Amino acid sequence: MDLGIKGKWALVGGASKGLGFGCASALAAEGANVVMVARGAEVLAAAAARIRADAPAGVQVVAVAADITRPEGRAAIFAAPGAPGTDFDIVITNAGGPPPGDFRAWDRQAWIDAVDANMLTPIELIKATIDGMAARGFGRIVNITSSAVKAPIDVLGLSNGARSGLTGFVAGVARSGIAARGVTINNLLPGKFDTDRLQSTIEAAAHGSGAPVAQVRAEQQARVPAKRFGQPGEFGAICAFLCSVHAGYINGQNILADGGQYPGTF
Ligand code: NAP
């Protein structure tokens, strides 16, 4: 299936590793030009080189080492040489998730940081790009959130809270005037995907319980009906489809990719 996004410009946050890398790779493989963002310049440059090497001829891959959660980071992205300014056709909002913990230990700053990274940053990126998309008659925004939005995880209270705020905001904007102008906004909710972040949460759980890392990993996989963790590549493929011309009638949705782990009927 041709996704119809050849030559479109995509912005992908948190793109040097994990889910963001999966999305950037899948979009570039479909012929979209990609601006990849992460803070660590070296890992990002290597990730961009891998995507460039595999992408079809003519695809442009621009790496911008910046903190996407900071106003100056976003300004650097929009001013990056070779990038399209704010004229993106596709925006994948993504950055690191907030730390786990007990809510009794979080002070105001911990909440401000989580809301900044996981709610206000996507909103700022949407604000900067959505009217241009509407004016050009095509736009796709995919926010990488979390299965925790549907089934909260107690130790991830900062994530449950901040991402739910984003989800409420998106629900309103997706159904506003932009919907009739070719622009969709959806949230893609990962369950357990095999990334560095998942590995570090498994190591933290093992450390806390005293169980071997391999045992905790096996137990977590066994709890997923699919009996495995998801791969960033398959997450990227779902994301690319949501960004395709074929997905123009999917709007304002929260799409779970969790191997069936969410237990509800709806
Ligand atoms: P990951 O493997 O740790 O990758 C995170 C990526 O984001 C890296 O490229 C990292 O590079 C970049 N990044 C982090 N903070 C950034 C910032 N402030 N500005 C720009 N780039 C930043 O994580 P992941 O598993 O792909 O997770 C991506 C998102 O999905 C997170 O918000 C996570 O909470 C959420 N999520 C993941 C899972 C899962 O199972 N993997 C499940 C639910 C939710 P630098 O560190 O160099 O910046």
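**The ligand shell and the H6–H7 helix pair**

Q: What distance separates an oxygen atom of the ligand from a polar backbone atom of Phe 193?
A: This is a predicted model, in which local features need pLDDT of at least 70 and side-chain atom pairs pLDDT 80 or more, while totals for chains, interfaces and linings use all residues. Residues are numbered from 1 along each chain as its sequence is written, and side-chain values use heavy atoms, without hydrogens or water. Between the ligand oxygen and the polar backbone atom of Phe 193 (a polar contact pairs N or O atoms within 3.5 Å), the distance is 2.8 Å.

Q: What percentage of the ligand's accessible area does the protein cover?
A: On its own, the ligand has 880 Å² of accessible area (Shrake-Rupley method, 1.4 Å probe). The part covered by the protein is 89%.

Q: Which elements give two or more residues to the shell around the ligand?
A: The shell has nine nonpolar, twelve polar and seven charged residues. Two or more residues come from each of two helices (DSSP runs of H or I, at least four residues), spanning 18–29 and 196–209: H1 and H6.

Q: Which side chain has an N or O atom 2.6 Å from an oxygen atom of the ligand?
A: Among the residues that come nearest to the ligand (heavy atoms within 4 Å count as near) are Arg 39, Ala 95 and Thr 195. The side chain at 2.6 Å from the ligand oxygen is that of Ser 16.

Q: At what angle do the axes of H6 and H7 cross?
A: The crossing of H6 and H7 is right-handed. Their axes (lines fitted to C-alpha atoms over the stretch in contact, with angles from 0 to 180 degrees) come within 9 Å and cross at roughly 115 degrees.

Conventions. Polar contact = N/O pair within 3.5 Å; in protein donor to acceptor, adjacent residues only side chain to side chain. Nonpolar A, V, L, I, M, F, W, Y, C, P; charged D, E, K, R; others polar. Left-handed = near helix turned anticlockwise from the far one by under 90°.
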